[in-house]
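Me: I would like a close look at the salt bridges in this model, taken slowly and with the surroundings of each charged side chain in view.

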Protein chains: 2
Amino acid sequence: MKTLVIISHPNILESSSQQFLIKAIPHHFDVTVHHLENEYPDWNINVAKEQKLLSEHDRIIFQFPFYWYSSPALLKHWQDMVYTEDFAFHARGKALRGKEFGLVLSVGINEAEYQAGGREMFSISELTRPFQATAEKLGMTYLKPFSIFQFGYMTDEQRFQLAIHYQQVLTREKDNSLEAKEKWIMEQLTNMDKASLSTDDKIVLENAVESLKNNRHTIDELKLILEQMW
Amino acid sequence: MKTLVIISHPNILESSSQQFLIKAIPHHFDVTVHHLENEYPDWNINVAKEQKLLSEHDRIIFQFPFYWYSSPALLKHWQDMVYTEDFAFHARGKALRGKEFGLVLSVGINEAEYQAGGREMFSISELTRPFQATAEKLGMTYLKPFSIFQFGYMTDEQRFQLAIHYQQVLTREKDNSLEAKEKWIMEQLTNMDKASLSTDDKIVLENAVESLKNNRHTIDELKLILEQMW
């Protein structure tokens, strides 16, 4: 699976959350990062190039800071220009049909405020309806929005977990089963660049992989027993 | 009450609905029409000028075609630039507090599709949550969105009613009582430029005003009687 991360952020170098996310993408991931403000400082979008880029990927991610409950304007401009009738919808163009679409939002306000009675009144799911409706219109599968609330206040431990979660948003198959999660973790452990690890760490890693495999074996056996009982 | 209509439309001269709406605004209305693409062809927004314009009006209307369930990008850019912390929110700036905010949307698809089970899935109220949340954040009173569905298919009679409804959206006080509606109609009839009317039409008009006044008198008397009965 090839993933395209389309970032819209007017001051990306000054954004600690965006810098963190970009650095969290391992080199061996099949992920293309595409920053619109960097690519199009004059807002002159190359429509053919963008459409080709979309066609070459299976999962499309819009990643941006939440400005007035939506994206920065360049990303809206990009949508208005790139999602043409010939390319993306109606009878003639269905280039995006069957692809997956997801949002990665950085949000400056506490998560608890995004609900009825909270200061922001509506949930992220409600506020991002235009993106959901667009994805549906283009025949794309809409993924759960991934929102990063108040990155600036996160502890190192929280940021570490954020990085893992973000990597899954980019590359894990849309399947919420324990088995799919295990599979993803096994892949990451197997694909890791182990050259920089000490001998001790390598042994820890090999044990972790071994123990995951054993757990899966045990779970499968228990499932089989359960199925025979019913 | 002074009303500011901020229009965002990339090809306004080719839009029959936008041309119709602009022509439907009577000259004696205290309405400022402000077309962003015309004012800022290079997207270089004069923030101070826009903030002054907002401060001078009581009701702010965003008028635009619904592109991918939101506004054209220039209007989003305008919001990101103009709604600064100093001017519009947080402790320091509250310039928009107490004003009214409304949307006038032109929509290419049938109204019935904008609901659960319809092809567009969500209602206009749901899809415009970002505008509602923004208005609330800035302390503005949010008016009912006014959506014009499939202008191209409207009959002359429907367009005539649309013009009257639109005029009310721009200038009628936010009060849904019969009395407020009457008051608005009386004002329009009184302020009309009657020079171009024939003598016959003038008599019809005077009779209409007289009959509205008499109706109001009768209604007020009936109300008084009802109040005494309780």
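Is B:Glu56 buried, partly exposed or exposed?

Reply: In this predicted model, B:Glu56 counts as partly exposed, with a relative accessibility of 36%. The side chain of B:Glu56 meets that of B:Lys52 in a salt bridge, with 2.7 Å from N to O, and B:Lys52 itself counts as exposed, at 53% relative accessibility.

A second pair has another setting, since B:Glu120 forms a salt bridge with A:Lys137 in which the closest N and O atoms are 2.5 Å apart. This pair crosses between chains, from the loop between strand 4 (100-107) and helix 6 (124-127) of chain B, where B:Glu120 lies, to helix 7 (residues 129-137) of chain A, which holds A:Lys137. B:Glu120 is buried, because its relative accessible area is 2% and buried means under 20%, whereas A:Lys137 counts as partly exposed at 23% relative accessibility.

Within chain A, the side chains of A:Lys183 and A:Glu187 meet in a salt bridge at 3.8 Å, N to O. Both residues lie in helix 9 (residues 178-191) of chain A, four residues apart, which is about one turn of the helix. A:Lys183 counts as partly exposed at 46% relative accessibility, and A:Glu187 likewise counts as partly exposed, at 35%. These two residues are also linked with A:Glu173 in a network of salt bridges.

Over all chains, the count comes to 24 salt bridges, among them the pair of B:Lys52 and B:Glu56 and the pair of B:Glu120 and A:Lys137.

Conventions. Residues are numbered from 1 along each chain as its sequence is written. Chains are lettered from A and ligands numbered from 1 in the order in which they are written. This is a predicted model: local features need pLDDT of at least 70, side-chain atom pairs count only at pLDDT 80 or more; totals for chains, interfaces and linings use all residues. Side-chain values use heavy atoms; hydrogens and water are left out. A salt bridge is a side-chain nitrogen of Lys or Arg within 4 Å of a carboxyl oxygen of Asp or Glu. Helices (H or I, at least four residues) and strands (E, at least two) are DSSP runs, numbered from the N terminus. Buried means under 20% relative accessible area, exposed over 50%, partly exposed in between (1.4 Å probe, protein chains only).
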